[in-house]
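Q: Could you take a close look at one helix in this model for me? I'd like to know what its buried side packs against and how its aromatic contacts look.

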Amino acid sequence: MAQIITFGTMAARAAVRDVGRVMGLTYSEVDRLAKMVPEEIGIKLKDAIARESSLQDAIGSDDRYRRLFEHARVLEGLARHASTHAAGVVIAPGLLTDYVPLYKSTRGGEVTTQYNMNRVEDVGLLKVDFLGLRTLTVIHDAIGLIELHHDLKIDLDQIDLDDPETFDLFSRGETIGIFQFESTGMRDYLRKLRPTCLEDLIAMNALYRPGPLGANMVDDFIDRKNGRKRITYDHPILEPILESTYGIIVYQEQVMRIASEMAGFSLGEADLLRRAMGKKKAEVMEEQRGLFLTGAEERGVDRRIAEDVYEQIAYFAGYGFNRSHSAGYAIIAFQTGYLKTHYLAHFMAASLSSEMSNSDRIVILIEECRRLGLTVAPPDLNESNEKFTVTDDNTIRFGLGAVKNVGHSAIEAILVARDEEGSFEAFRDFLERIDLKSVNRRVVESLIAAGACDTLGDHRAQLTAAVDRELEGAQKRQADRDRGQVSLFEQNGGEKTIEALNTPLPSVPEWSVHEKLSREKDSLGFYVSGHPMERYRDEVNSFTSGGLAELAERADNEPVIVAGVITTISRKTDRKGNPMAFIGIEDFTGSGEAIVFSDPYAKHAELIREEQMILVRGKVSIREGEAAKVLTEEIMPLEEARKRLTERLHLLIVTDEGSDMAGRAMEVLRSNPGDVPVYVHIEYGEEGP
């Protein structure tokens with residue numbers, strides 16, 4: 001057996017970008033030319049040039065552009081690279097080399113077939129998809145945490161699949177961490193759909209894909225579900241087949257059932273029809289059309305109706321998804337939704353544990369915890385395990401495994417010492433009891449910076465200043481014990497005195513809030529005890545179009561406003577020798593990159609410095625194989641956003657009849673005039689007017 005190869009090909013836009021880069025054109029030039037090619041699946045450069053006058057003008061205006069497109073048209077469609085299919089495995093009855101040529105990857109030496117998934121089937125080999133899902137581990141760990149803290153064994157096969165509270169969660173779009181349902185676009189559609197049954201989730205799973213989205217099938221489905229459009233069936237045979245999807249053909253199985261029940265196809269013949277439609281094989285589809293119409297007439301279906309139905313299934317089959325696949329995914333999604341609804345802390349702790357190596361995901365999940373009222377406490381030597389744990393139904397404790405430079409052997413040494421003798425009473429006690437062969441200076445400093453030693457000293461600066469002295473002493477005393485020597489402090493039954501444990505730590509100033517957060521981020525990859533932008537959270541919520549984590553879900557060239565603190569700066573010069581920069585920024589949801597070309601750079605150079613908190617106005621740039629970026633048009637200091645961007649202020653006063661609160665508020669407003677209109681809303685109690 002082996003995994004199956006897959007080939008990445010040079011699509012139209014990718015060919016333009018690759019050739020432009022080799023020819024030495026600037027990023028902005030290549031980006032502009034590539035975006036002139038319509039974002040349409042399968043489009044060819046020849047057709048794009050024929051359709052787009054802007055492309056014709058660009059090619060005619062510059063000989064370099066003409067040559068670029070000449071080369072790109074030659075390379076278009078060629079295999080660009082080989083990689084491994086996400087789940088496909090081929091199984092042969094004997095040595096694979098007797099049946100199929102193999103390929104050894106230059107990266108990691110992974111062996112795959114040289115034939116892609118279609119050719120493997122063509123030569124008669126068995127192809128199976130084995131999909132490993134992180135979500136199954138999350139579910140397993142969440143159930144374990146629930147059992148540990150509530151002595152309750154959850155059997156997900158027995159949960160109520162009509163649970164109204166779980167469907168409320170989906171209807172509110174609160175699906176961060178929910179399998180297949182957490183993208184921004186999907187959450188928006190869930191709020192519109194307001195799903196009430198598992199069938200709705202199965203359908204949304206199948207419909208939220210490029211083809212159905214482009215054909216507006218999702219909107220049509222939502223309108224029919226909510227009664228804004230009438231549900232109709234061209235023939236009574238179709239009603240039991242399409243009833244669960246409100247008259248819309250969504251699944252491949254529906255195509256097969258229609259062919260079987262309306263035209264008398266066997267299930268094998270119906271599957272051939274489905275395959276032909278999915279692959280848009282014109283000759284086969286025309287042949288199948290004749291068989292379908294003949295079979296329908298033999299069953300008494302009017303020919304005109306049969307023709308209309310065939311055209312519908314021919315159209316929808318190209319978008320149809322496998323229902324059994326979608327149903328399996330929807331079941332897992334519902335199970336994760338159920339756990340998030342009824343055991344929030346346990347589910348989020350399991351989700352965080354599963355993503356410990358992915359800082360961007362951890363940031364998103366921590367922000368979701370905070371939004372839902374959960375406290376995510378920093379790691380603690382006396383409470384944390386390797387993974388995230390639940391302290392109570394409202395508190396999650398960081399796992400030691402999330403701390404950088406702290407490996408499994410160091411964590412094991414800490415947990416063994418804690419299990420054997422109980423909690424660590426002081427910093428020296430911690431160092432004396434752990435195996436210093438597994439826990440070195442780097443590990444200790446990382447634990448301090450992450451906040452894991454906060455209960456062992458007054459503050460982190462003290463602990464850091466004491467590391468060298470205390471480690472040296474602990475190593476010496478451990479070596480003495482290994483040789484059988486005992487200090488004066490340990491002669492009384494081997495117990496350490498309070499004086500020995502509580503030797504004063506160095507008297508040094510505390511770190512500033514900025515330094516504390518900066519070191520915390522270096523140790524964990526993200527902020528836990530606070531965020532540099534915390535005091536501007538209202539500005540971020542009010543004036544941005546979304547978080548940095550959502551950039552990848554936006555359309556190419558879509559206008560956006562994002563906020564963040566500058567974490568990295570890479571200054572460059574453009575083709576004309578003018579300065580520009582690539583800046584890394586981070587907000588509450590994650591990190592991203594903004595490109596500041598020469599014109600905006602010249603206007604805002606003084607703001608481009610590390611730790612500066614900024615608001616960036618620009619457009620999204622989506623390039624194949626790269627993270628989404630913001631092409632910057634304007635930058636402003638975040639602290640000025642409220643003053644410069646506020647258009648109106650709404651003031652809600654909740655008061656009782658007879659109270660003078662509204663009058664006093666009006667006095668304050670009159671004595672502090674400004675340029676922003678204020679709308680005062682007064683809400684009286686139940687007995688008021």
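A: Let's fix one term before we start: a residue is called buried if its relative accessible area is under 20%, and exposed if that value is over 50%. Keep in mind that this is a predicted model.

The part to zoom in on is helix H8, residues 164-171. Its buried residues are Thr166, Phe167, Leu169, Phe170 and Ser171. An α-helix has 3.6 residues a turn, so residues three or four places apart point the same way. The buried residues of H8 pack against three helices: H9 (184-193), H10 (198-207) and H18 (323-342).

Now for Phe167. Its relative accessible area is 4%, so Phe167 falls under the cut-off and is buried. Phe167 forms an aromatic pair with Phe334, with 5.3 Å from centre to centre and 50° between the planes, which makes the pair tilted. Since Phe167 belongs to helix H8 and Phe334 to helix H18, the pair ties together parts that are 167 residues apart in sequence. Phe334 is buried too, with a relative accessible area of 0%.

For contrast, look at Tyr315 and Phe316: this aromatic pair is edge-to-face, at 5.2 Å centre to centre and 80° between the planes. Here Tyr315 is partly exposed at 43% relative accessible area, while Phe316 counts as buried at 16%.

Back at H8, there's one backbone detail to check: just after the helix, Gly173 takes a positive phi of about 70°.

Note on methods:
Residues numbered from 1 in each chain as written. Predicted model: local features only at pLDDT ≥ 70, side-chain atom pairs only at ≥ 80, totals over all residues. Heavy atoms only, no water. Buried < 20%, exposed > 50% of the residue type's maximum accessible area, 1.4 Å probe, protein only. Helix = DSSP H or I, 4+ residues; strand = E, 2+ residues; numbered from the N terminus. Contact = heavy atoms within 4.5 Å. Phe/Tyr/Trp six-rings, centres within 6.5 Å; stacked < 30°, edge-to-face > 60°.
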